[in-house]
Amino acid sequence: MTDTPTLINPGSSALKADLDWSQVQETISMLCLAMAQIQTAMSDSSESVNSVTHSFVQIAEDSQALVNICDSLDSGDDLDAAKAQIRALTASLTGQVSHAAVSFQFYDRVCQKLGHVNESLSHLGELINDRSRLFSPDEWLRIQNEIKSNYTMDCERLMFDLIMSGAPLNEALNRYHQEYDRMHKKSDDACDGVEMF
């Protein structure tokens with residue numbers, strides 16, 4: 001995983017605007033959010049690509065083992081032992097293909113996350129460009145609420161809340177990853193024993 005940039009996150013004060021409220025502070029918080037979203041998309045996709053790569057390596061090894069078993073069959077006497085090995089290898093292949101198919105879902109997640117970044121930056125650009133809205137804390141809060149409502153995972157909403165409250169990016173990203181890992185462990189436990197094909 002790449003290092004997180006060191007931009008200081010001031011947090012949003014749009015909910016409790018006072019005399020020190022600043023649209024510059026709000027802009028920086030929104031930029032911190034975009035940076036965090038990009039970082040999580042990159043790290044999540046990297047993890048999935050590694051998993052897919054491992055699955056394909058295992059598939060290739062199992063396929064070669066099947067070829068070797070078939071090549072070693074000389075007579076009918078070897079057939080019963082070979083059948084058991086072939087069954088075990090095909091079960092392994094089926095499992096690896098299922099695992100690879102699930103891991104490929106990272107593409108959808110990356111597209112969704114980068115879509116959120118694009119939408120967030122688009123809203124930010126529109127707000128900054130509209131002087132009638134730029135200096136209104138309510139407008140900043142409305143955009144933040146709209147962005148948060150588009151998140152589908154608890155770990156994304158947690159990261160959003162942390163960044164908007166002024167947490168450092170590293171802390172928000174660490175908490176995101178903890179929640180993401182917990183969510184996937186729970187999902188993996190629920191899928192144990194489920195046959196994909």
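S165 is placed in the loop that links α6 to α7 (169–191). In this predicted model, S165 is exposed, since its relative accessible area of 56% lies over the 50% cut-off. A polar atom of the S165 side chain sits 2.8 Å from the backbone oxygen of L162. A residue from far away in the sequence also comes into view here: P10 is separated from S165 by 155 residues along the chain, yet the two C-alpha atoms are 8.1 Å apart in space.

The helix before this loop, α6, packs against helix α5 (residues 137–149). Two packed helices are described by the angle between their axes and the distance between the axes. For α5 and α6, the angle is about 160° and the axes are 10 Å apart. Because angles over 145 degrees count as roughly antiparallel, α5 and α6 are roughly antiparallel to each other. Their crossing is right-handed. On the α5 side, the contacts are made by Q144, I147 and K148, which meet R157, F160, D161 and M164 of α6.

How far these details can be followed depends on the confidence of the prediction. The mean pLDDT of the protein is 81, with 90% of the residues at 70 or more. Helix α6 (residues 154–164) has the highest confidence, at 94, whereas helix α2 (residues 79–103) has the lowest, at a mean of 80. Over residues 191–197, the pLDDT falls below 50, and this stretch has five contacts in the model beyond near neighbours in sequence. Where pLDDT is low, the predicted coordinates should not be read in detail.

Notes:
Residues are numbered from 1 along each chain as its sequence is written. Side-chain values use heavy atoms; hydrogens and water are left out. pLDDT is the predictor's confidence in each residue, from 0 to 100. Helices (H or I, at least four residues) and strands (E, at least two) are DSSP runs, numbered from the N terminus. Contact means heavy atoms within 4.5 Å. Buried means under 20% relative accessible area, exposed over 50%, partly exposed in between (1.4 Å probe, protein chains only). A polar contact is a pair of N or O atoms within 3.5 Å; within protein, one must be able to donate a hydrogen and the other to accept it, and residues adjacent in sequence count only if both atoms are side-chain atoms. Axes are lines fitted to C-alpha atoms, for helices over the stretch in contact, and angles run from 0 to 180 degrees between N-to-C directions. Angles under 35 degrees count as roughly parallel, over 145 as roughly antiparallel, 65 to 115 as roughly perpendicular and the rest as oblique. A crossing is left-handed if the near helix is turned anticlockwise from the far one by less than a right angle, and right-handed if clockwise.
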